[in-house]
Amino acid sequence: MDLKELQENWNKFGLTDPFWSVLAWPDKAENRWQIDEFFETGRREIDDVLAYVNAQGLSVGRERALDFGCGVGRLSQALARHFQRVDGVDISPAMLTLAQTYNQFPDRVHYHQNEVDDLSLFPDAVFDFIYSNITLQHMQPRYARAYMAEFLRVLGPNGALVFQIPAQAKRWRHRLIQPLKPTRLFRFYQRLRYRDQPVMNMYGIPKNQVVRWLQAHGGRVVDIQPDQSADALWHSFRYLVIKD
Ligand SMILES: C[S@@+](CC[C@H](N)C(=O)[O-])C[C@H]1O[C@@H](n2cnc3c(N)ncnc32)[C@H](O)[C@@H]1O
């Protein structure tokens, strides 16, 4: 999917089953998430991530945070408990409409629609903390790479970047179809199979390639942890990165 298709796809999720498409717990499909319970998962996640960053000996400023692929604001709202200002960025207008509806801090949490493969809406070096979870895994690696380079551009000199991305599928037959996914043939097959339904495609980038890419764009990888937030069929990692 190119970015236009990706936007249409996530917009369909945003209009049909937004909370489940963000956190696809099987018992929550068909709009069965309770809103409080849903946002509570975000608070727990952000508390854990910030405790982890702290435990790595990094003390990041508390001025401004970026939540990339913010969806309905599950993590942006939680970040607002720790940072003065939060910018949530998403490609889907439908997701962002909901994010705004549930925005408890309208003067401090700002949501932005971004449909290009860069973050030119932000100047260089403005964020103390950048977080992106279960987002880069749903786009072609060329886009994920472009955003990673942009994360490093907009990260402040003493800031920290934490993001998750799968490395590879666990099963060889899933690995075999990976190169087909960006092709028109694969999209054609998906349209036949799923008709107008939105789909959740998964992509990964091998860990050594992610590290090399980050280094090439001025990042220093402080830590890498196995991550459980992706689809269970994938090996996934969470990266903690600072500016070199
Ligand atoms: C699975 S949801 C995760 C939302 C949020 N990170 C969370 O954990 O609550 C993935 C989100 O990424 C967004 N997304 C997908 N591609 C994107 C892109 N290229 N730029 C910005 N957002 C994107 C989708 O619209 C969707 O809201």
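Which helix gives the largest share of the shell around the ligand? The legends below take up this question and others, using a predicted model.

**View 1. The residues that come nearest to the ligand.** The ligand has 21 residues around it, and those that come nearest are Trp 10, Gly 69, Gly 71, Arg 74 and Ser 92. Two or more residues of the shell come from each of helix 1 (3–16), helix 4 (74–79) and strand 2 (85–90). Helix 1 gives the largest share, with three residues.

**View 2. The chemical make-up of the shell around the ligand.** Twelve residues of this shell are nonpolar. Seven others are polar, and two are charged.

**View 3. The largest nonpolar core.** This core holds 55 residues. The residues with the most contacts inside the core are Leu 79, Ile 130, Tyr 131, Phe 151 and Leu 161. Buried residues make up 38% of the 244 residues in the protein.

**View 4. The surroundings of Ile 130.** Neighbours within four places in sequence are left aside here. Ile 130 is then in contact with Leu 66, Phe 68, Phe 151, Leu 155, Gly 159 and Leu 161. Two of these partners, Phe 151 and Leu 161, are also listed with Ile 130 among the residues with the most contacts inside the largest nonpolar core.

**View 5. The protein as the setting for the close-ups.** Nine helices and seven strands form its secondary structure. The C-alpha trace spans about 50 × 40 × 30 Å along the principal axes. The radius of gyration is 17 Å, which agrees with a compact globule, because one of 244 residues would have a value near 18 Å. Of the contacts with a separation of 6 or more, 68% join residues 24 or more positions apart.

Notes:
Residues are numbered from 1 along each chain as its sequence is written. This is a predicted model: local features need pLDDT of at least 70, side-chain atom pairs count only at pLDDT 80 or more; totals for chains, interfaces and linings use all residues. A residue is near a molecule or strand if its C-beta atom, placed from the backbone, lies within 6 Å of it. Helices (H or I, at least four residues) and strands (E, at least two) are DSSP runs, numbered from the N terminus. Ala, Val, Leu, Ile, Met, Phe, Trp, Tyr, Cys and Pro count as nonpolar, Asp, Glu, Lys and Arg as charged, and the others, Gly among them, as polar. The radius of gyration is taken over C-alpha atoms; the globule rule is 2.2 Å times the number of residues to the power 0.38. A residue is buried if 20 or more other C-beta atoms lie within 10 Å of its own, exposed if 12 or fewer, and partly exposed in between; C-beta atoms are placed from the backbone. Two residues are in contact if their C-beta atoms, placed from the backbone, lie within 7 Å. A nonpolar core is a set of buried Ala, Val, Leu, Ile, Met, Phe, Trp, Tyr and Cys residues joined through C-beta atoms within 7 Å.
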